[in-house]
Amino acid sequence: MYRFLLTPRWWGINVFVVLAIPFCIFMGSWQLGRFEDRVQDHETASTQDESARREAARPLTELLPVDKATVGKQTTVTGRYGDQLLVPERQLDDREGFYVLTLLRTDGGEALPVVRGWLPGEPDAATAPAPPTGEVTVTGALQAAESPGANGVSGRSGWPEGQTGAISAATLLNLVPYDVYDAWVTLNEGDSGMRAVPVSAPQGTGLDLKAFQNLGYTAEWFAFVGFVIFMWFRLLRREVELARDAELGLTTEDDESGENSENGEAGDKAGETKAGETKAGLIS
């Protein structure tokens, strides 16, 4: 009854199933692990943000380069404010507005981008408060450089003069004539009546669309496992039924239609032969 399992066709089917099931399980487990890592990173980032505010501010040089362990940490920097830029298309409490970004020139020569606050509406340099003059010491949360098109950062280019879409050394070096730290700071309290910009989580640590895509892929891979098993049993059942019918001398409807078709063709050919013989006899 089950001798068909030893045929080359079924050897190929069985090898495919044996390889496909563990592969799908591995991929599903990997995607689930990615989702769990993002959840853990999100929880860690939230806890780190709360604890960072209670910690004493540290010099900037001790926290660079910015990574998951230092982002959100309190830092203090002394310098003089220089060029000021506006960062449009930034939302706060579901309202559209812009950041007021001012470059803090340090004694080391490099400038630190400082987000002094957020204002609602369209970016307008006339409404942005001027920075304090003279030497100042700022304290705020350290942030990683932004990437255009990620984490709500606009990916467009060609901003008007005095504006920038992303806060990073790569974009700011084209706008100011001095070196810029590849990091930025958001003040704990907004300057000159502006609202303070909250700390943002590092890229890849939030429960964003990518995290839920990982969860969706997990469900898909495990669904493939069930589909492969279902199709294998369906094919097996069909082959068993065909083998049982063959042992009992039964034929399927396809076989019967095939036999009827062959009989019909044979009859047609016989009729044509007989008609030809008759016509030949008449002629002779």
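Strands here (E, at least two residues) and helices (H or I, at least four) are DSSP runs numbered from the N terminus, and two strands pair if DSSP finds at least two bridges between them. This is a predicted model, in which local features need pLDDT of at least 70, side-chain atom pairs count only at pLDDT 80 or more, and totals for chains, interfaces and linings use all residues. Residues are numbered from 1 along each chain as its sequence is written, and side-chain values use heavy atoms, with hydrogens and water left out.

Let's start with the overall layout. The protein has four helices and six strands, arranged from the N terminus as α-β-β-β-β-β-α-β-α-α. Of its 284 residues, 33% are buried, meaning under 20% relative accessible area with a 1.4 Å probe, counting protein chains only.

Strand 3 makes a good place to look around. Eight of the 11 residues in this strand (residues 95–105) are buried, so the rest of the structure largely encloses it. Strand 3 pairs in the antiparallel sense with strand 2 (residues 74–92) and also runs antiparallel to strand 4 (residues 111–120). Here are the two hairpins:

| Hairpin | Residues between the strands | Positive phi |
|---|---|---|
| Strand 2 and strand 3 | two residues | Asp93, near 55° |
| Strand 3 and strand 4 | five residues | Gly109, near 105° |

Nine bridges link strand 2 with strand 3, and Arg90 sits opposite Gly97 in strand 3. On the strand 4 side, nine bridges join it to strand 3, with Thr102 facing Val114 of strand 4 across the pairing.

Key:
Buried means under 20% relative accessible area, exposed over 50%, partly exposed in between (1.4 Å probe, protein chains only).
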